[in-house]
Amino acid sequence: MTWEPAMRAALLEAEAALATGDVPVGAVVLDPAGEVIATGRNVREAEGDPTGHAEVVALRAAARVRGEWRLSGCTLVVSLEPCTMCAGALVLARVDRLVFGAYDDRLGAAGSLWDVVRDRRLNHRPEVVGGVLADEATALLEGFFANHRR
């Protein structure tokens, strides 16, 4: 399966985060058939919520759609490699697969700095696909931070 269409949807969510001054990270959750059932974007600034990461927002929405917290069979597609909080959340939600765009050497918890999602001590380890449309996701983030560091 190609993950580019779903990543493009996540990138659209990331771009929408710019309107509220949030770091442009977006996520979508796909059901087992590959249909988008939930979306999310960073809302930390917009909502004053320290847990308002795109992944958490999308996982919460997917759980509401499915009517349960277990997201077995689902895929989380996110424009940036998850941090430790988000990696833990997707493991605890029993997501089958994580697909991400840009790698995060500073905070990434899916192989870059830590590898929470594949830690053998945990009872669930999703498949991980990294680097999907990484150049586009990285450019969006670099543009945001270049404008905020002036």
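Which residues of the largest nonpolar core touch the most other members? They are Met7, Val29, Leu76, Val77, Leu90, Leu98 and Val117, in a core of 43 residues. This is a predicted model, in which local features need pLDDT of at least 70, side-chain atom pairs count only at pLDDT 80 or more, and totals for chains, interfaces and linings use all residues. Residues are numbered from 1 along each chain as its sequence is written, and side-chain values use heavy atoms, with hydrogens and water left out.

**Nonpolar core**

- A nonpolar core is a set of buried Ala, Val, Leu, Ile, Met, Phe, Trp, Tyr and Cys residues joined through side-chain atoms within 4.5 Å; buried means under 20% relative accessible area, exposed over 50%, and partly exposed in between (1.4 Å probe, protein chains only).
- Two or more residues of the largest core come from each of α1 (4-17), β1, α3 (54-66), β3, α4, β4 (97-102) and α5 (134-148); helices (H or I, at least four residues) and strands (E, at least two) are DSSP runs numbered from the N terminus.
- Beyond its neighbours within four places in sequence, methionine 7 is in contact (heavy atoms within 4.5 Å) with residues including Val77, Val99, Phe100 and Leu133.

**Hairpin β1–β2**

- Strands β1 (residues 26-30) and β2 (residues 36-41) pair in the antiparallel sense over five bridges; pairing requires that DSSP find at least two bridges between two strands.
- Glycine 26 has arginine 41 in β2 as its bridge partner.
- Five residues separate the two strands of this hairpin, and glycine 34 in the turn has a positive phi of about 90°.
- Aspartate 31 is located in the loop between β1 and β2.
- Aspartate 31 is buried yet has no salt bridge, its nearest side chain of opposite charge being arginine 66, 7.6 Å away; Lys and Arg count as positive and Asp and Glu as negative, while His and the chain ends are not counted.
- A polar atom of the aspartate 31 side chain lies 2.9 Å from the backbone nitrogen of alanine 33.
- Apart from its neighbours within four places in sequence, aspartate 31 is in contact with Ile37, Gly73 and Cys74.

**Helix α4 and the loop before it**

- Proline 82 occupies the loop between β3 (75-80) and α4 (84-92), and proline 82 counts as buried because its relative accessibility is 0%.
- The contacts of proline 82 outside its neighbours within four places in sequence include Glu55, Leu90, Phe100 and Gly108.
- Within α4, the residues Cys86, Ala87, Gly88, Leu90 and Val91 are buried, and the buried residues of this helix pack against α3, β3 and β4.
- Arginine 94, just after α4, takes a positive phi of about 65°.

**Salt bridges**

- The count is five salt bridges, each being a side-chain nitrogen of Lys or Arg within 4 Å of a carboxyl oxygen of Asp or Glu.
- Arginine 8 and glutamate 136 form one of them, with their closest N and O atoms 2.8 Å apart.
- That pair links arginine 8 in helix α1 to glutamate 136 in helix α5, 128 residues apart.
- Arginine 41 forms a salt bridge with glutamate 13, the closest N and O atoms being 3.1 Å apart.
- Arginine 41 lies in strand β2 and glutamate 13 in helix α1, so this pair ties together parts 28 residues apart in sequence.
- Arginine 41 is partly exposed at 30% relative accessible area, whereas glutamate 13 is buried at 14% relative accessibility.
- Aspartate 119 and arginine 121 also meet in a salt bridge (2.6 Å, N to O), and arginine 121 is exposed, with a relative accessible area of 74%.

Terms used. A polar contact is a pair of N or O atoms within 3.5 Å; within protein, one must be able to donate a hydrogen and the other to accept it, and residues adjacent in sequence count only if both atoms are side-chain atoms.
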